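Dear colleague,

I am handing over the structure below, and I would be glad if you kept it open while you read the notes that come after it.

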Amino acid sequence: MADARRLPRNGGDAGNAGAAPPVSRDRCPRCGAAFHCGRHDPEPCACGTVPLGAATLAVLRVRYDRCLCLPCLQALAREARDLP
Ligand SMILES: [Zn+2]
Ligand SMILES: [Zn+2]
């Protein structure tokens, strides 16, 4: 019995692997917390208000390609201060 009726899967469950998430919400790459980055806003982002040193900013740019949430930035600023 040759059953030639092969039902194609119309589910389309291939998945969108590698699809970039919408840029509606920012997520901190350090702690994963959702936060809002104001880099697309006319007002400067909160990351500009944290007194981060040039060295810390350089590390952030290399390590993360996006902004961090305010608590993380403040924590990094404190860690940089505690360093001898
Ligand atoms: Zn964070
Ligand atoms: Zn930012």
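What follows is a short account of what was found, going from the whole chain to a single residue.

Please bear in mind throughout that this is a predicted model. The protein chain holds two helices and two strands, and, if you start from the N terminus, these elements come in the order β-β-α-α. Of the contacts in the protein chain that have a separation of 6 or more, 59% are made between residues 24 or more positions apart.

Burial is the next topic: among the 84 residues of the protein chain, 7% count as buried. The largest nonpolar core has six residues, namely Leu60, Cys67, Leu68, Cys69, Cys72 and Leu73. In soluble globular proteins, nonpolar side chains tend to be buried together. If residues up to four places away in sequence are set aside, Cys69, one of these core members, touches Cys28, Cys31, Ala33 and Phe35.

Leu73, another member of that core, is found in helix α2, which covers residues 70-82. Why does Leu73 count as buried? The reason is that 25 other C-beta atoms lie within 10 Å of Leu73, whereas 20 or more are needed for a residue to be called buried. Beyond its neighbours within four places in sequence, Leu73 is in contact with Cys47, Val50, Leu52 and Leu68, and Leu68 also belongs to the largest nonpolar core. Finally, Leu73 and Leu57 are 16 residues apart along the chain, and 9.7 Å separates their C-alpha atoms.

With best wishes

Definitions and conventions: Residues numbered from 1 in each chain as written. Chains lettered and ligands numbered in written order. Predicted model: local features only at pLDDT ≥ 70, side-chain atom pairs only at ≥ 80, totals over all residues. Core = buried A, V, L, I, M, F, W, Y, C linked by C-beta atoms within 7 Å. Buried ≥ 20, exposed ≤ 12 C-beta atoms within 10 Å, placed from the backbone. Contact = placed C-beta atoms within 7 Å. Helix = DSSP H or I, 4+ residues; strand = E, 2+ residues; numbered from the N terminus.
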